[in-house]
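Dear colleague,

I am passing on to you the structure that follows, together with some notes from going through it. Please read them with the structure open beside you.

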Amino acid sequence: MVDSSDHDRLEEARDQLHQMLTEDLLKNVSVLVLANKQDLPKAASVTRVAEKMNLASLPHSCKWRIEGTNAVSGEGIYEGICRRQEPLHSASACAGIARLT
Ligand SMILES: Nc1nc2c(ncn2[C@@H]2O[C@H](COP(=O)(O)OP(=O)(O)OP(=O)(O)O)[C@@H](O)[C@H]2O)c(=O)[nH]1
Ligand SMILES: [Mg+2]
């Protein structure tokens with residue numbers, strides 16, 4: 001879960017995610033990114049969070065999906081977790097970013 005309104009720390013989140021995914025043990029994991037605080041006016045859009053997190057550059061073996069959430073109301077969280085069985089977008093499917101907004 002990342003704070004979409006904390007623009008500076010999105011870079012830190014990006015670096016942490018990409019670093020973690022270089023670990024051998026994590027090489028086959030799927031990634032669900034919850035772009036939280038979507039209700040705040042200064043929040044980056046889900047598309048923008050995906051771009052800032054550089055999701056499209058994750059290794060091709062890594063399936064990922066991004067979902068906008070509001071952790072206060074719960075919006076998006078159920079959808080994000082309950083859709084986990086659905087195929088995630090592969091990193092090569094850049095068009096997936098647009099479909100997720
Ligand atoms: N408006 C809004 N507020 C949220 C949301 N999720 C969490 N919060 C509020 O954010 C506050 C906590 O902020 P966080 O960013 O999680 O934590 P922090 O104190 O900034 O500490 P860090 O973990 O270092 O970022 C609490 O008051 C939560 O109620 C959300 O989706 N929308
Ligand atoms: Mg914070």
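**Overall architecture**

The secondary structure of the protein comes to four helices and four strands, and, when these are read along the sequence, they follow the pattern β-α-β-α-β-α-β-α. Please keep in mind throughout that this is a predicted model. Of the 101 residues of the protein, 23% count as buried. Among the contacts between residues at least 6 apart in sequence, 75% join residues that are at least 24 apart.

**Strands and crossover**

Strand E1, which covers residues 2-3, runs parallel to E2 and is joined to it by two bridges; within this pairing, Asp3 has Asn36 of E2 as its bridge partner. On E2 there is also a parallel pairing with E3, made through five bridges, and here Leu34 stands opposite Glu67 of E3. Between these two strands the chain passes from E2 through H2 to E3, a β-α-β crossover that is right-handed. Strand E3 is largely enclosed by the rest of the structure, because five of its six residues are buried.

**The nonpolar core**

The largest nonpolar core has 14 residues, and those that touch the most other members are Val33, Ala35, Val49, Ala50, Met53, Leu55 and Ile66. Strand E2 (31-36), helix H2 (46-52) and strand E3 (63-68) each supply at least two residues of this core, and E2, H2 and E3 are also the elements through which the right-handed crossover passes. As general background, nonpolar side chains in soluble globular proteins tend to be buried together.

**The surroundings of ligand 1**

Which residues are found around ligand 1? They are Asp3, Asn36, Lys37, Asp39, Leu40, Asn70, Ala71 and Val72, and by class this shell has three nonpolar, two polar and three charged residues. Asp3 and Asn36, which both belong to the shell, are the residues already mentioned as bridge partners. Lys37, another member of the shell, lies in the loop between E2 and H2.

**Loop residues to look at**

Two residues with a positive phi deserve a separate word. Lys37 has a positive phi of about 65 degrees although it is not a glycine, and Asn54, also not a glycine, has a positive phi of about 55 degrees. Asn54 is placed in the loop between H2 and E3. Are these residues buried or exposed, in the case of Lys37 and of Asn54? Lys37 has 20 other C-beta atoms within 10 Å and is therefore buried, since 20 or more are needed for that. Asn54, by contrast, has 14 other C-beta atoms within 10 Å, so that it is partly exposed.

A further loop residue is Ser73, which lies between E3 and helix H3 (77-82). With 10 C-beta neighbours inside 10 Å, Ser73 counts as exposed, because the limit for that class is 12 or fewer. Although Ser73 and Asp39 are 34 residues apart along the chain, their C-alpha atoms are separated by 9.5 Å, and Asp39 is itself one of the residues around ligand 1.

With best regards

How values were computed: Residues numbered from 1 in each chain as written. Chains lettered and ligands numbered in written order. Predicted model: local features only at pLDDT ≥ 70, side-chain atom pairs only at ≥ 80, totals over all residues. Core = buried A, V, L, I, M, F, W, Y, C linked by C-beta atoms within 7 Å. Near = placed C-beta within 6 Å. Nonpolar A, V, L, I, M, F, W, Y, C, P; charged D, E, K, R; others polar. Pairing = 2+ DSSP bridges. Right-handed = clockwise from strand over helix to strand, strands pointing away. Contact = placed C-beta atoms within 7 Å.
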